[in-house]
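Take a look at the chain below. The walk-through starts with the overall fold and then turns to single residues.

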Amino acid sequence: MNHVILMGNLTRDPELKHLASGTPVCEFSIACNEKWKDKASGSMKEKVHYIDCVCFGRTAEVIEEYFSKGKKILVEGKLQYESWED
């Protein structure tokens with residue numbers, strides 16, 4: 001099963017584009033904070049994960065209309081891993 005739920009803050013304003021078929025596509029990035037207590041030192045640690053997201057259709061239009069940089073968002077969907085070399 002490939003199902004993820006992420007909550008974080010938008011790192012930039014969502015960008016709405018359209019496919020050749022006219023389908024709306026929205027691209028945005030979120031920052032998810034992870035906090036834990038280090039067992040060795042007892043101090044609190046924090047790490048930020050940056051995740052690129054893409055949505056389609058009416059969802060894309062709603063996100064572009066109502067969300068902006070810094071707003072908290074909850075995303076539910078599937079994970080698709082991509083890598084590339086420069």
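What follows goes from the whole chain to its cysteines and then to three other residues.

This is a predicted model. The chain holds one helix and five strands. Read from the N terminus, the order is β-β-β-β-α-β. The helix, H1, covers residues 57-66. Strand S5 covers residues 72-77.

Now the overall dimensions. The C-alpha atoms fill a box of roughly 55 × 30 × 30 Å along the principal axes. The radius of gyration of the chain is 16 Å, whereas a compact globule of 86 residues would have one near 12 Å. Of the 86 residues, 21% count as buried. The exposed surface comes to about 7,000 Å², and carbon and sulfur atoms supply 51% of that area.

Contacts and charges complete the overview. Take the contacts in the chain with a separation of 6 or more: residues 24 or more positions apart account for 55% of them. The chain carries 12 positive and 14 negative charges. The mean positions of the two sets are 9 Å apart.

Next, the cysteines. How many disulfides does the structure hold? The structure holds zero. Consider Cys32 and its closest cysteine sulfur, which lies in Cys53. The two sulfurs are 7.7 Å apart, too far for a bond. A disulfide would need the pair of sulfur atoms within 2.5 Å. The view from Cys53 leads back to Cys32, whose sulfur is the closest cysteine sulfur to that of Cys53. Are these two side chains in buried or exposed residues? Cys32 is buried, with a relative accessible area of 9%. Cys53 is buried too, at 11%. Both values fall under the 20% cut-off for a buried residue.

Now move to strand S5. Lys72 is found in this strand, which spans residues 72-77. Its relative accessibility is 52%, so Lys72 counts as exposed, the cut-off being over 50%. Which residues does Lys72 contact, leaving aside its neighbours within four places in sequence? They are Met7, Gly8, Asn9 and Phe67. Met7 is 65 residues from Lys72 in sequence. In space, the C-alpha atoms of Lys72 and Met7 are 7.2 Å apart.

The contact with Phe67 leads on to the loop between helix H1 and S5, where Phe67 has its place. Phe67 is partly exposed, with a relative accessible area of 26%. Beyond its neighbours within four places in sequence, Phe67 is in contact with Leu10, Pro14, Val62, Lys72 and Ile73. Lys17 makes a useful reference point. Phe67 and Lys17 are 50 residues apart in sequence, and their C-alpha atoms are 15 Å apart in space.

Last comes the segment after S5, where Leu79 is found. Is Leu79 buried or exposed? Leu79 is exposed, with a relative accessible area of 53%. Not counting residues up to four places away in sequence, Leu79 touches Asn2 and Val4. Leu79 can also be placed relative to one of the cysteines. Leu79 and Cys53 are 26 residues apart along the chain, and their C-alpha atoms are separated by 9.3 Å.

Terms used. Residues numbered from 1 in each chain as written. Predicted model: local features only at pLDDT ≥ 70, side-chain atom pairs only at ≥ 80, totals over all residues. Heavy atoms only, no water. Helix = DSSP H or I, 4+ residues; strand = E, 2+ residues; numbered from the N terminus. Rg over C-alpha atoms; globule rule 2.2 N^0.38 Å. Buried < 20%, exposed > 50% of the residue type's maximum accessible area, 1.4 Å probe, protein only. Contact = heavy atoms within 4.5 Å. Areas by Shrake-Rupley, 256 points an atom, 1.4 Å probe, with all protein chains shown as cover. Lys, Arg positive; Asp, Glu negative; His and termini not counted. Charge placed at Lys NZ, Arg CZ, Asp CG, Glu CD.
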